[in-house]
Each structure stands twice: as structure tokens, then as C-alpha cells.
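Q: Hey, could you walk me through this one? I'd like to go from the overall layout to the details.

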Amino acid sequence: MVNLVFFLHLFQTNIGRVSLMTGPSMLPTLATDGELVVEDVISYRHFQRALQRGDLLTVESPVQRGHIICKRLIGLPGDIVCVDPTGRLAPSTEHVVVPKGHVWISGDNAQWSRDSREYGPVPMALIKGRLIARVWMFWFFC
């Protein structure tokens, strides 16, 4: 039993995991009532796969430590990004340069998302993985 727990911990920390994502910030990409997703940990952590704008990332929240969030990657280090294209939290003309070692993330549903528009650039050390698939729950429709 101890070996199984140890194996699962190593697998989830270094290779990948299935996680449940909930909340309205990623609508319409992910459902609010919860959706199972597959996270790729190994390619980013161990093989330094380059992150690409548009990737869906799992990140430890910079304002609520220990809480994992899912957001879309908008800006990489050195990119110039618009702070808030909606103009709700900052003038839509305000732009910033993403500092080295940081990324700019945003929820797909800007009205309900707490993201870089509020807390600024996020340290890359907080990135946990990249979403690679959604698990279709056929029993949900039964």
C-alpha cells in the first residue's frame, strides 16, 4: 500500500494527473460545475517544453497559496500585454512588459475571472502543468 501511494505521488508530481476544474472563470472552455482535465507536468517541468501563448495552464494561485487555478497563457517574458482589454479594471490603453521569469494569465470569462489583470504578472515557478485533454464524462448525460 505504501508503495502505491508513493508511486501515485511521484506520478502526479512529475508526469501528469487528472484534476477537477470548477468555477466560471474559464467559461465557455470549461464548465462551471466541474470538468475533469488531464494535466501534462513532465514536458514543462523536465523537458522544458516551451510554453505557447494560448496554452491552458494550471497554476498555484498567487493570492491564495495552495489553491490551484486554471488560466490561459496570454503573455510570455518580454511580451507587451494590455492590462485589461475589457477596460473594467484598468484603462484598455494601459500596457505592461511581462518581466523575466513571469507570465501573464487570464480567464476566458473576463467578467468572472480573477487573474493577472488584478494581481499582475505571475512567477513561472507557480506553474504546475499544462492542460492537454478534457475527460468526457458519459455518465453525466445518463
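A: Here is a short tour, beginning with the ground rules.

Q: Sure, what should I know about the model and the numbering?

A: This is a predicted model, so to speak: local features need pLDDT of at least 70, side-chain atom pairs count only at pLDDT 80 or more, and totals for chains, interfaces and linings use all residues. Residues are numbered from 1 along each chain as its sequence is written, and side-chain values use heavy atoms, with hydrogens and water left out.

Q: Thanks. How many helices and strands does the chain have?

A: The chain has 3 helices and 9 strands. Both are DSSP runs numbered from the N terminus, with helices (H or I) of at least four residues and strands (E) of at least two. From the N terminus on, the order is α-β-β-α-β-β-β-β-β-α-β-β.

Q: What share of the residues is buried?

A: Buried residues make up 38% of the 142 in the chain. Buried means under 20% relative accessible area, exposed means over 50%, and partly exposed is in between (1.4 Å probe, protein chains only).

Q: And how much area does the chain expose?

A: About 8,400 Å², of which carbon and sulfur atoms supply 62%. Accessible areas come from the Shrake-Rupley method with a 1.4 Å probe, and for residues only the protein chains shown count as cover.

Q: What about contacts between residues at least 6 apart in sequence, how many of them join residues at least 24 apart?

A: That fraction is 52%. Contact here means heavy atoms within 4.5 Å.

Q: Let's go inside. Which residues make up the largest nonpolar core?

A: There are 12 of them: L51, L57, V59, I69, L73, L76, V103, I105, Y119, V122, L126 and I127. The elements giving two or more residues to this core are β3 (56–60), β4 (68–75) and β7 (102–106). A nonpolar core is a set of buried Ala, Val, Leu, Ile, Met, Phe, Trp, Tyr and Cys residues joined through side-chain atoms within 4.5 Å.

Q: What does L57 touch?

A: Leaving aside neighbours within four places in sequence, L57 is in contact with L51, I69, C70, K71, L73, I127, G129, R130 and L131. Apart from the largest core lies another one, of 7 residues, including M26, L30, L56 and C70.

Q: Switching to charges: how many salt bridges are there?

A: A search of the whole structure finds 7 salt bridges. The criterion is a side-chain nitrogen of Lys or Arg within 4 Å of a carboxyl oxygen of Asp or Glu.

Q: What does E60 pair with?

A: E60 forms a salt bridge with K128, and their closest N and O atoms are 3.8 Å apart. E60 lies in strand β3 and K128 in strand β9 (residues 127–134), so the pair ties together parts that are 68 residues apart in sequence.

Q: Are those two buried or exposed?

A: E60 is buried, and K128 is buried as well.

Q: Which residues are linked in a network of salt bridges?

A: D84, D115 and R117 are. The side chains of R117 and D84 meet at 3.4 Å, N to O, while those of D115 and R117 meet at 2.8 Å, N to O. R117 lies in helix α3 (residues 116–119) and D84 in the loop between β5 (80–82) and β6 (95–97), so their pair ties together parts that are 33 residues apart in sequence.

Q: How accessible are they?

A: R117 is buried at 9% relative accessible area, D84 is buried at 0%, and D115 is buried at 0%.

Q: Does anything else come up around D115, say what S113 does there?

A: A polar contact of 2.8 Å joins the side chains of S113 and D115. Such a contact is a pair of N or O atoms within 3.5 Å; within protein, one must be able to donate a hydrogen and the other to accept it, and residues adjacent in sequence count only if both atoms are side-chain atoms. S113 lies in the loop between β7 and α3 and counts as buried at 3% relative accessibility. Not counting residues up to four places away in sequence, S113 touches S25, K71, S106, G107 and E118.

Q: Last one, where is T93, and is it buried or exposed?

A: T93 is found in the loop between β5 and β6, and at 65% relative accessibility T93 counts as exposed.
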